[in-house]
2 protein chains.
Amino acid sequence: MLAEHRGFVPLNRDGLVDRVAKTLVDAILAGGIPPGERLAESTIAKQMDLSRAPVREALRLLESSGLVEYRTNRGFFVKVVSVTSMADLYDLRILLETAAIRRLTEINADVALPALRAQVAELHRLAGEGDDLMAHVSADMQFHRLICEHSGNQRFLQLFDQIANETKLGLLVIGRLYDDPHEMAGTHDPIVEAVALGDANRAAGAIDYHIRVAKEMVTQHFHDQQEGKPE
Amino acid sequence: MLAEHRGFVPLNRDGLVDRVAKTLVDAILAGGIPPGERLAESTIAKQMDLSRAPVREALRLLESSGLVEYRTNRGFFVKVVSVTSMADLYDLRILLETAAIRRLTEINADVALPALRAQVAELHRLAGEGDDLMAHVSADMQFHRLICEHSGNQRFLQLFDQIANETKLGLLVIGRLYDDPHEMAGTHDPIVEAVALGDANRAAGAIDYHIRVAKEMVTQHFHDQQEGKPE
DNA sequence: GTCAAGAAGATTGTCGACAAACGACAAATC
DNA sequence: GATTTGTCGTTTGTCGACAATCTTCTTGAC
């Protein structure tokens with residue numbers, strides 16, 4: 001009953017809001033909609049050939065995952081990522097993931113270890129494959145998600161999912177962190193090894209270091225960019 | 001109850017969704033709507049004398065603060081608090097607040113200390129005042145909120161606000177944790193003292209202990225209740 | 001008496017329309 | 001010329017109606 005002409009229209013009636021949200025997330029993360037850009041409800045609705053109601057709800061969803069900002073009577077905007085917001089985000093991730101991997105190592109290592117190893121293998125496979133930035137970032141995040149998933153605390157995973165998209169956005173705004181994707185994949189090895197040894201402290205230290213390095217690179221890139229174009 | 005039709009103040013229509021949300025939060029936390037209860041949009045809309053649209057948005061807001069659960073095609077329900085969800089929540093709070101108070105002590109103690117002291121004084125004042133459970137819980141949470149607020153990481157505060165209402169809901173479902181409200185107020189003293197000394201480790205240890213004790217009491221209460229009525 | 005299929009009722013999902021608010025630009029005032 | 005005021009087009013805010021879906025109750029077969 002709904003026409004499927006235009007653009008990238010998802011068209012099963014089931015879970016429409018979720019599909020609209022996903023479409024928007026993909027568009028934002030693909031760089032199709034730059035940070036700061038306004039997201040007019042009627043424009044999106046027209047493009048997807050549906051009414052504003054589901055679009056509005058989808059945008060509210062994106063808001064709670066931090067990709068989008070809402071201002072009363074002004075509408076939704078793609079969130080602008082600043083160096084401090086990214087630094088704060090990485091500090092939170094350090095908290096979350098060190099705690100998660102501690103628990104994982106202590107109570108769930110045998111189940112989690114194969115999954116982590118498989119994901120690292122996937123990272124190396126992708127590294128040999130090509131240089132699809134989005135794919136590398138997603139696979140990296142999936143590794144970190146696995147850690148939260150197997151932490152035994154559902155809320156850890158929930159929190160991770162809440163901040164994952166924003167992290168991705170930050171990484172994609174920056175571009176490439178590592179010149180060699182194999183090097184990036186390799187930075188995960190010490191974490192897995194520590195888990196394999198059953199050494200929770202070492203695992204926590206390894207992931208702390210891993211994320212801390214990433215944070216430094218990210219903040220460095222931001223400073224470079226700001227100097228590059230001081231507007 | 002609401003829907004100010006009398007008088008001439010229809011200009012105050014600004015932030016309607018927020019006001020609806022607040023009304024609902026108050027109702028839930030006051031126990032007016034028990035956990036598991038369905039929140040029918042049209043019923044609420046009728047009671048507040050407005051249409052379903054703003055009600056729906058308000059409910060989505062509550063969802064992101066964890067007070068309410070949404071199921072596709074079934075609607076919104078007041079979230080049922082379980083012993084594991086509460087335990088997970090308290091573990092997350094331990095993570096968050098130990099880190100927050102570390103940072104506070106190291107970089108912001110002089111500004112934060114007066115605020116913390118004032119809040120403890122307020123706790124004691126309320127303890128002498130009477131036994132309004134909701135007031136005690138709110139004042140307690142405000143103390144913990146101050147810690148996140150002065151942590152220097154905006155995201156810590158954001159996360160705290162996200163889980164604060166759910167914590168309150170859990171506490172109110174249980175009822176009273178401490179027999180003597182003065183005792184409850186007193187448990188905050190070691191935290192403030194450690195901050196005053198500028199000892200971040202000690203402060204972190206103090207709040208870790210503080211929250212851990214609360215967690216034990218909460219889980220204990222839940223187990224007692226479940227035994228009481230095994231359904 | 002139990003169970004399944006289906007009708008009836010209630011609730012959510014989506015829509016198009018209108019009202020209110022905002023932002024930009026033109027006109028008026030000093 | 002600078003500031004204020006007025007107007008207009010665009011976008012969000014809210015609404016009532018209808019379609020799709022779920023729940024409950026009825027009915028009938030076994």
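## Exercises: a core, a sheet and two DNA strands

In this structure, the largest nonpolar core holds 143 residues, and the members touching the most others are A:Leu39, A:Ile101, A:Val218, B:Leu39, B:Ile101 and B:Val218. Keep in mind that you're working with a predicted model.

**Exercise 1. Pick A:Leu39 out of the core and find which residues it touches, skipping those up to four places away in sequence.**

Step 1. Start from the core: A:Leu39 is one of the members that touch the most other members.

Step 2. Now list its partners. They are A:Ile33, A:Ile44, A:Leu59, A:Val68, A:Phe76, A:Phe77 and A:Val78.

Step 3. Put this beside a general trend: nonpolar side chains in soluble globular proteins tend to be buried together.

**Exercise 2. Work out the strand order of the open sheet in chain B, and explain why β1 and β2 each have a side without a neighbour.**

Step 1. Trace the three strands. Their order in chain B is β1-β3-β2, with antiparallel pairing.

Step 2. Look at the ends of that order. β1 (38-39) and β2 (68-71) of chain B are at the edges with a single partner strand each, so each has one side with no neighbour in the sheet.

Step 3. Zoom in on one pair. β1(B) and β3 (residues 75-78) of chain B run antiparallel and are joined by two bridges. Across this pair, B:Arg38 sits opposite B:Phe77 of β3(B).

Step 4. What holds strands like these side by side? In general, the strands of a sheet pair through backbone hydrogen bonds.

**Exercise 3. Describe the protein surface near DNA strand D: which residues are closest, and which elements supply it?**

Step 1. Count the surroundings. DNA strand D has 21 residues around it, the closest being A:Arg56, A:Tyr70, A:Asn73, B:Ser51 and B:Arg74. On the DNA side, sugar and phosphate make up 74% of the strand D atoms that come within 4 Å of the protein.

Step 2. Check some phosphate contacts. A side-chain N or O atom of B:Arg74 is 2.4 Å from a phosphate oxygen of strand D. For B:Ser51, a backbone N or O atom lies 2.8 Å from a phosphate oxygen, and for A:Glu41, a polar backbone atom is 3.2 Å from one.

Step 3. Find the elements. β1 (38-39) and α3 (52-64) of chain A, plus α1 (16-29) and α3 (52-64) of chain B, each give at least two residues. The largest share, three residues, belongs to α3(B).

Step 4. Sort by class: eight residues are nonpolar, five polar and eight charged.

**Exercise 4. Now do the same for DNA strand C: which residues come nearest, and which element gives the most?**

Step 1. Of the 22 residues around strand C, the nearest are A:Leu16, A:Ser51, A:Arg74, B:Arg56 and B:Tyr70.

Step 2. A polar backbone atom of A:Ser51 is 2.8 Å from a phosphate oxygen of strand C. The side chain of A:Arg74 has an N or O atom 2.8 Å from a phosphate oxygen too. A:Asn73 uses a side-chain N or O atom, 3.2 Å from a sugar or linking oxygen.

Step 3. α3(A) gives the most to this surface, with three residues. By class, you get nine nonpolar, five polar and eight charged residues.

**Exercise 5. Is A:Ser65 buried or exposed?**

Step 1. Locate A:Ser65: this residue is in the loop between α3 and β2 (68-71) of chain A.

Step 2. Apply the cut-off. Buried means under 20% relative accessible area, and A:Ser65 has 13% relative accessibility, so A:Ser65 counts as buried.

Step 3. See what surrounds it. Beyond its neighbours within four places in sequence, A:Ser65 contacts A:Gln162, A:Asn165 and A:Glu166.

Note on methods. Residues are numbered from 1 along each chain as its sequence is written. Chains are lettered from A and ligands numbered from 1 in the order in which they are written. This is a predicted model: local features need pLDDT of at least 70, side-chain atom pairs count only at pLDDT 80 or more; totals for chains, interfaces and linings use all residues. Side-chain values use heavy atoms; hydrogens and water are left out. A nonpolar core is a set of buried Ala, Val, Leu, Ile, Met, Phe, Trp, Tyr and Cys residues joined through side-chain atoms within 4.5 Å. Buried means under 20% relative accessible area, exposed over 50%, partly exposed in between (1.4 Å probe, protein chains only). Contact means heavy atoms within 4.5 Å. Two strands pair if DSSP finds at least two bridges between them. Helices (H or I, at least four residues) and strands (E, at least two) are DSSP runs, numbered from the N terminus. A residue is near a molecule or strand if one of its heavy atoms lies within 4 Å of it. A polar contact is a pair of N or O atoms within 3.5 Å; within protein, one must be able to donate a hydrogen and the other to accept it, and residues adjacent in sequence count only if both atoms are side-chain atoms. Ala, Val, Leu, Ile, Met, Phe, Trp, Tyr, Cys and Pro count as nonpolar, Asp, Glu, Lys and Arg as charged, and the others, Gly among them, as polar.
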